[in-house]
Amino acid sequence: MAEPPVTHAQPGPATWVRVLVLLTIATVLEVLAYVFESTLGVLTAPILILFAIVKFVLVVAYYMHLKYDARLLTGIFTWGMVIALSIFMAMAAIYHIYGQPLLTP
């Protein structure tokens, strides 16, 4: 006989409102960082990347319910984020050292 699936308590409306408010604040701060790009200078890209990571974690943890699922699934998403950031940083370093590639038709 199969065992019944393990269930967990679903977050209440207060949790969803908190996540919504945090995502909204992160988005507003992203837009402000873009608007004040000339003031922030070289800090613009790291700030935007940080907000993207925060939003990714919130969406994956709550809307995809990874906070309540097995750690293996959380590890898979974390590994994907680490790989994506590593590729981004490697490409940024290459472009910084060698310059952007020329696009020829």
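Helix 1 and helix 3 are roughly antiparallel to each other in this predicted model. The two helices pack at an angle of about 160 degrees. That angle is over 145 degrees, so the pair counts as roughly antiparallel. Their axes lie 10 Å apart. The crossing of helix 1 past helix 3 is left-handed.

Which residues meet where these helices pack? From helix 1 come residues including Thr15, Trp16, Val19, Leu23 and Glu30. From helix 3 come residues including Thr44, Leu48, Phe51, Leu58 and Tyr62.

**Helix 3**

Helix 3 has 20 residues and covers residues 44–63. At 1.5 Å a residue, helix 3 should span 28 Å, and its end C-alpha atoms are 28 Å apart, so the two values agree.

Several residues of helix 3 are buried: Thr44, Phe51, Leu58, Val60, Ala61 and Tyr62. What covers them? The cover includes helix 1 (13–35), helix 2 (37–40) and helix 4 (71–98).

After helix 3 comes His65. The phi of His65 is positive, near 60 degrees.

**The core**

The largest nonpolar core has five residues. They are Val19, Leu23, Leu58, Ala61 and Tyr62. Helix 1 and helix 3 each give two or more residues to this core. Helix 3 provides the largest share, with three residues. In soluble globular proteins, nonpolar side chains tend to be buried together.

Ala61 also has contacts further along the chain. Leaving aside neighbours within four places in sequence, Ala61 touches Leu66 and Lys67.

**Two residues to compare**

Glu30 and Val82 sit in separate helices: Glu30 in helix 1, Val82 in helix 4.

| Residue | Helix | Relative accessible area | State |
|---|---|---|---|
| Glu30 | helix 1 | 16% | buried |
| Val82 | helix 4 | 39% | partly exposed |

Is Glu30 buried or exposed? Its relative accessible area is 16%, which is under the 20% cut-off, so Glu30 counts as buried. Which residues does Glu30 contact, leaving aside its neighbours within four places in sequence? They are Leu48, Phe51, Ala52 and Lys55. These four also appear among the helix 3 residues that meet helix 1.

Val82 has a relative accessible area of 39%. This value falls between 20% and 50%, so Val82 is partly exposed. Along the chain, Val82 and Ala52 are 30 residues apart. In space, their C-alpha atoms are separated by 13 Å.

Terms used: Residues numbered from 1 in each chain as written. Predicted model: local features only at pLDDT ≥ 70, side-chain atom pairs only at ≥ 80, totals over all residues. Heavy atoms only, no water. Expected span 1.5 Å × (residues − 1). Buried < 20%, exposed > 50% of the residue type's maximum accessible area, 1.4 Å probe, protein only. Contact = heavy atoms within 4.5 Å. Core = buried A, V, L, I, M, F, W, Y, C linked by side-chain atoms within 4.5 Å. Axes fitted to C-alpha atoms, helices over the stretch in contact; angles between N-to-C directions. Parallel < 35°, antiparallel > 145°, perpendicular 65-115°, else oblique. Left-handed = near helix turned anticlockwise from the far one by under 90°.
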